[in-house]
Amino acid sequence: MTFDPYDDAGNLARAQQEVLDDLKKQALARVHARRPSVFDTPGELHPDIAVWCDQVRRGRAPHLVLFGGTGSGKTWSLWKAAEHLAQAGWRKRFDVVDTYEIKTATDLPQDDNLIRRWKHTDVLAIDDLGAQGLNDWSLDRLHPIVDHRWKHALPMVVTTNVADMRAMVGERISSRLAGASLVRFTDIDHRRV
């Protein structure tokens with residue numbers, strides 16, 4: 001398309017669209033840079049997770065729990081959700097941490113900067129909750145993160161293969177996740193198929 005020096009509205013619209021496209025590419029590049037290569041496989045996002053992503057974009061999403069057996073696609077879906085949001089033009093922060101990282105950050109000496117970041121990030125995804133045993137100390141440090149996010153309606157995503165969340169994380173944390181949307185995955189281990 002040629003540049004028309006007299007079409008101010010058209011030129012402005014094209015310039016704005018170019019900026020939005022560039023910001024979208026940057027957001028997508030950030031997701032791809034952080035995503036482990038093993039999760040860089042094509043596939044369709046579960047429709048319930050796509051609906052949840054739309055709620056995130058509108059600024060009012062519940063917590064989300066992805067439940068299923070080992071290798072059923074929960075972690076892949078976390079990264080696909082982050083990619084889906086970036087492709088839709090959402091430019092906020094989507095942090096994916098695994099339970100081991102939480103345990104490491106909450107053990108002494110505690111990483112206050114990381115804990116503060118997890119409290120305030122736009123979306124916090126905790127991968128494999130239950131795969132790494134959290135002691136009472138770690139659970140006491142995890143509670144303020146979950147509580148802050150619950151109080152301020154900041155969405156969380158939790159993946160787990162543990163059916164009894166209350167027994168795993170206690171009453172206080174499970175209560176704050178009680179209103180979460182739940183997506184169940186089949187117990188097929190895609191890593192072995």
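Reader: What makes the pair of Ser-72 and Gly-69 a polar contact?

Author: The backbone oxygen of Gly-69 lies 2.7 Å from a polar atom of the Ser-72 side chain. A polar contact is a pair of N or O atoms within 3.5 Å; within protein, one must be able to donate a hydrogen and the other to accept it, and residues adjacent in sequence count only if both atoms are side-chain atoms. The 2.7 Å value falls within that limit, so the pair qualifies.

Reader: How were such values obtained?

Author: This is a predicted model, in which local features need pLDDT of at least 70 and side-chain atom pairs count only at pLDDT 80 or more, while totals for chains, interfaces and linings use all residues. Residues are numbered from 1 along each chain as its sequence is written, and side-chain values use heavy atoms, with hydrogens and water left out.

Reader: Why does Ser-72 count as buried?

Author: Its relative accessibility is 4%. Buried means under 20% relative accessible area, exposed over 50%, and partly exposed in between (1.4 Å probe, protein chains only). Ser-72 is under 20%, so the word applies.

Reader: Where does Ser-72 lie?

Author: In the loop between β1 (64–67) and α3 (74–87). Those names follow DSSP runs: helices are H or I of at least four residues, strands are E of at least two, both numbered from the N terminus. Ser-72 is 66 residues from Tyr-6 in sequence and 57 Å from Tyr-6 in space, C-alpha to C-alpha.

Reader: How many helices and strands does the chain have?

Author: 8 helices and 5 strands. From the N terminus on, they run α-α-β-α-β-α-α-β-α-β-α-α-β. Of the 193 residues in the chain, 42% are buried.

Reader: Why are α2 and α3 called oblique to each other?

Author: Their axes cross at roughly 45° and come within 10 Å. Axes are lines fitted to C-alpha atoms, for helices over the stretch in contact, and angles run from 0 to 180 degrees between N-to-C directions. Angles under 35 degrees count as roughly parallel, over 145 as roughly antiparallel, 65 to 115 as roughly perpendicular and the rest as oblique. Roughly 45° falls in the rest, so α2 and α3 are oblique.

Reader: Which residues of α2 meet which residues of α3?

Author: Ile-49, Ala-50, Cys-53, Asp-54, Val-56 and Arg-57 of α2 meet Ser-77, Ala-81, His-84 and Leu-85 of α3. Contact means heavy atoms within 4.5 Å. These residues divide into 6 nonpolar, 2 polar and 2 charged. Ala, Val, Leu, Ile, Met, Phe, Trp, Tyr, Cys and Pro count as nonpolar; Asp, Glu, Lys and Arg as charged; the others, Gly among them, as polar.

Reader: What makes α4 and α6 roughly perpendicular?

Author: Their axes cross at roughly 95° and come within 9 Å. The perpendicular range is 65 to 115, so the pair fits. Ile-102, Lys-103 and Thr-106 of α4 make the contact with Trp-137, Ser-138, Arg-141 and Leu-142 of α6. That set holds 3 nonpolar, 2 polar and 2 charged residues.

Reader: Which residues of α4 are buried?

Author: Thr-99, Ile-102, Lys-103, Ala-105 and Thr-106. The buried residues of α4 pack against β2 (94–98), α5 (112–120), β3 (123–127) and α6 (136–151). At the start of α4, a side-chain oxygen of Asp-98 reaches to within 3.2 Å of the backbone nitrogen of Tyr-100.

Reader: What makes α5 roughly parallel to α6?

Author: The crossing angle is roughly 30°, and the axes come within 8 Å. That angle is under 35 degrees, so roughly parallel is the term. Ile-115, Trp-118, Lys-119 and His-120 of α5 contact Pro-144, Ile-145, His-148 and Arg-149 of α6. The division is 4 nonpolar, 2 polar and 2 charged.

Reader: Is Pro-144 of α6 buried, exposed or partly exposed?

Author: Partly exposed, because its relative accessible area is 32%. His-143, also in α6, is buried at 10%. Leaving aside neighbours within four places in sequence, His-143 is in contact with Arg-172, Ile-173 and Arg-176.

Reader: How do you know that Thr-159 is buried?

Author: Its relative accessible area is 0%, so Thr-159 is under the buried limit. Thr-159 lies in strand β4 (residues 156–160). Beyond neighbours within four places, its contacts are Leu-66, Lys-74, Leu-78, Ile-126, Asp-127, Asp-128 and Leu-129.
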